[in-house]
Amino acid sequence: MKKQSSNLIGQKFKIGQLVKEAPSFGRAKDNYAPRKGVIKKVFVKKNKIGREHFHYEVLWKGYTSTVERVQHRLISGDIS
């Protein structure tokens with residue numbers, strides 16, 4: 001059995017970059033516009049098996065506090 005190599009993609013977003021929340025699956029994605037915000041902090045967390053994943057603190061437009069999101073839930077976006 002071959003051991004699968006884990007290739008860390010790397011950090012996709014930088015502090016200050018504009019992002020949108022990736023659409024959810026199901027009917028809800030058609031009914032709601034994606035949230036838009038700005039990256040405020042970047043950090044790496046390890047999961048249960050030791051793989052590293054990038055997490056971001058995002059300040060959504062219209063909110064006063066940041067929310068933590070994992071990299072795969074965010075997409076590059078314009079805040080218009």
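A residue counts as buried when its relative accessible area is under 20%, and as exposed when that value is over 50%, with partly exposed covering what lies in between. Keep that in mind as we walk through this predicted model, starting with F13. At 4% relative accessibility, F13 falls under the 20% cut-off, so it is buried.

What does F13 pair with? Its partner is Y56, and the two rings sit edge-to-face, with 5.5 Å from centre to centre and 75 degrees between the planes. The count of aromatic pairs in this model comes to one. Y56 is buried as well, with a relative accessible area of 0%. Now look at where the two rings come from: F13 belongs to the segment before β1, while Y56 is in strand β3 (residues 52-60), so the pair ties together parts that are 43 residues apart in sequence.

Step along to K14, and you are still in the segment before β1. Is K14 buried or exposed? Its relative accessibility is 62%, which is over the 50% cut-off, so K14 counts as exposed. In space, K14 and I39 are 6.8 Å apart, C-alpha to C-alpha, although 25 residues separate them in sequence.

K40 takes us into strand β2. This lysine has 45% relative accessibility, so it lands in the partly exposed range. Which residues does K40 touch, leaving out those up to four places away in sequence? They are I15, E57, L59 and T66. As for E68, its C-alpha is 9.9 Å from that of K40, and the two residues are 28 apart in sequence.

Now for the charged side chains. Side chains of opposite charge can pair when their charged atoms come close. In this model the count comes to four salt bridges, and a good place to pick up the trail is E21. This glutamate is buried, because its 12% relative accessibility is under the 20% cut-off.

One partner of E21 is R69, and their side chains meet in a salt bridge at 2.8 Å, N to O. That bridge links distant parts of the chain, with E21 in strand β1 and R69 in strand β4 (residues 67-70), 48 residues apart.

Another partner is R73, whose side chain meets that of E21 at 3.7 Å, N to O. R73 sits in the loop between β4 and β5 (74-76), and the two positions lie 52 residues apart in the numbering of this distant pair. With a relative accessible area of 25%, R73 is partly exposed.

Then there is R35, which also forms a salt bridge with E21, again at 3.7 Å, N to O. Here the link runs from strand β1 (residues 18-21), home of E21, to the loop between α1 (28-31) and β2 (36-46), where R35 is found, 14 residues apart. R35 is partly exposed, with 32% relative accessibility.

Put these pieces side by side, and E21, R35, R69 and R73 are linked in a network of salt bridges. If you have the structure open, E21 in strand β1 is a handy spot to trace the bridges to R69 and to R73. From there, follow the bridge to R35 as well.

How values were computed:
Residues are numbered from 1 along each chain as its sequence is written. This is a predicted model: local features need pLDDT of at least 70, side-chain atom pairs count only at pLDDT 80 or more; totals for chains, interfaces and linings use all residues. Side-chain values use heavy atoms; hydrogens and water are left out. Helices (H or I, at least four residues) and strands (E, at least two) are DSSP runs, numbered from the N terminus. Buried means under 20% relative accessible area, exposed over 50%, partly exposed in between (1.4 Å probe, protein chains only). Rings of Phe, Tyr and Trp (its six-membered ring) pair if their centres lie within 6.5 Å; planes under 30 degrees apart count as stacked, over 60 as edge-to-face and the rest as tilted. Contact means heavy atoms within 4.5 Å.
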